[in-house]
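Visitor: Could you walk me through this structure, and tell me for each label on what grounds it is given?

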Amino acid sequence: MAESALGAAPGTMATMPGPARPSHLNRAIAARLKRDADGLVPAVAQQHDTGEVLMVGWMDDEALHRTLTTGRCTYWSRSRGEYWVKGETSGHQQWVRSVALDCDADTVLVQVDQIGAACHTGERTCFDADVLPAVVGVPGARTSPAPSAT
Ligand SMILES: [Zn+2]
């Protein structure tokens with residue numbers, strides 16, 4: 001668990017971004033949340049039973065609060081500058097099963113029951129349509145050095 005901020009000089013703590021907007025988020029949770037400069041944390045949505053990684057969105061304190069307390073995933077839309085309840089218009093709701101912070105408290109994992117497609121393109125997940133070529137690594141096998149970028 002990297003806690004560099006806690007080990008830093010006291011004055012540097014003040015530079016850690018606080019909530020971007022007023023929120024009813026539980027104070028103990030809000031105190032641990034490590035937000036980016038815009039007051040947001042990435043939120044990974046995962047299908048609870050298959051393990052599928054469905055999508056990544058952004059949450060501010062209030063979006064996390066609503067996700068924790070309404071049973072539905074709520075995100076902050078960076079493009080529209082407003083809260084966004086997943087599936088409200090598409091019908092592709094995300095019903096919350098569990099919510100966790102990662103070890104650094106800078107990323108949220110929401111396990112959900114996803115209705116239909118998670119991606120706005122109609123794909124089941126946001127990662128289905130653009131698989132990149134990658135060398136498959138085999139544990140214990142010799143690895144070749146990566147080619148230098150030119
Ligand atoms: Zn998508």
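The conversation below sets values against definitions.

Guide: This is a predicted model, in which local features need pLDDT of at least 70 and side-chain atom pairs count only at pLDDT 80 or more, while totals for chains, interfaces and linings use all residues. Residues are numbered from 1 along each chain as its sequence is written.

Visitor: What makes strand 1 and strand 2 a pair?

Guide: Strands here are DSSP runs (E, at least two residues), and helices are runs of H or I with at least four residues, both numbered from the N terminus. Two strands pair if DSSP finds at least two bridges between them. Strand 1 and strand 2 are joined by six bridges and run antiparallel, so the criterion of at least two is met. Within this pairing A43 stands opposite G57 of strand 2, and in the hairpin, with five residues between the strands, G51 has a positive phi near 85 degrees.

Visitor: How do you know that strand 1 also pairs with strand 6?

Guide: Five bridges link strand 1 and strand 6 in the parallel sense, and the bridge partner of A45 in strand 6 is V110.

Visitor: What makes strand 3 and strand 4 a pair?

Guide: Strand 3 (residues 74-77) and strand 4 (residues 82-85) run antiparallel and are joined by four bridges, with V85 as the bridge partner of T74. These strands form a hairpin with four residues between them, and G81 in the turn has a positive phi of about 65 degrees.

Visitor: Which residues touch the most other members of the largest nonpolar core, and why is it called a core?

Guide: The name applies because the set consists of buried Ala, Val, Leu, Ile, Met, Phe, Trp, Tyr and Cys residues joined through C-beta atoms within 7 Å. The largest such core has 19 residues, of which A43, A45, M59 and V110 touch the most other members. Two or more residues come from each of strand 1 (41-47), strand 2 (53-59), helix 3 (61-70), strand 3 and strand 6 (108-114).

Visitor: Why is A105 called partly exposed?

Guide: A residue is buried if 20 or more other C-beta atoms lie within 10 Å of its own, exposed if 12 or fewer, and partly exposed in between, with C-beta atoms placed from the backbone. A105 has 16 other C-beta atoms within 10 Å, and is therefore partly exposed. A105 lies in the loop between strand 5 and strand 6, and its phi is near 60 degrees, a positive value in a residue other than glycine.
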